[in-house]
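Open the model in your viewer and follow the stops below in order.

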Amino acid sequence: MEQANENSAACCREKDTAFIVVLNLYKKMELYLMRHGIAEDVAPGGRDADRALTPEGKRKLKEILKSAAQAGVEPSLIVTSPYRRARETAEIAAKALGYEGEIVESSALVPHAHVQELWEEVRVNKGEARLLLASHEPV
């Protein structure tokens, strides 16, 4: 993991796999941006929203989350895209990071959602100390 700058914490990323970026927003909230793990190229039914994580994606995701847990990542709320691969990522993250609360789904985190929707989701949850968003690139 490498230090991004003085206002953000660790960023880890591998090609085609999950990564976490930690941002400190106005010293009031840590925002964890997490890309889903490696997913199937095509879902059995053909719908993009139904693509699941691959076994390799789950394995790599758990490795990254182990490092995140060791670095002190402890979300107070997890919000995820309703797409299957992001939801599975959020569930694995919750287990790995000791999160026991509800995982909230938000359409603001689907692929190609407008950035204003993302920031509205953050604003709505501004009372959270540590918000993890499980989503897609380019978020």
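Start with the whole chain, coloured by secondary structure: three helices and seven strands, where helices (H or I, at least four residues) and strands (E, at least two) are DSSP runs numbered from the N terminus. From the N terminus on, their order is β-β-β-β-α-β-α-β-α-β.

This is a predicted model, in which local features need pLDDT of at least 70 and side-chain atom pairs count only at pLDDT 80 or more, while totals for chains, interfaces and linings use all residues. Residues are numbered from 1 along each chain as its sequence is written, and side-chain values use heavy atoms, with hydrogens and water left out.

Next, select residues 29-35, strand β4. Six of its seven residues are buried, so the rest of the structure largely encloses β4; buried means under 20% relative accessible area (1.4 Å probe, protein chains only).

Add residues 19-25, strand β3, which pairs with β4 in the antiparallel sense over seven bridges. Two strands pair if DSSP finds at least two bridges between them. Here V22 has Y32 of β4 as its bridge partner.

Now add residues 130-135, strand β7: its pairing with β4 is parallel, over six bridges. M34 is bridged to A134 in β7.

Stay on β4 and show the contacts (heavy atoms within 4.5 Å) of L31. Leaving aside residues up to four places away in sequence, L31 touches V21, V22, L23, L25, W119, V122, L131 and L133.

Finally, zoom out to the chain: of its 139 residues, 47% are buried.

Terms used:
Buried < 20%, exposed > 50% of the residue type's maximum accessible area, 1.4 Å probe, protein only.
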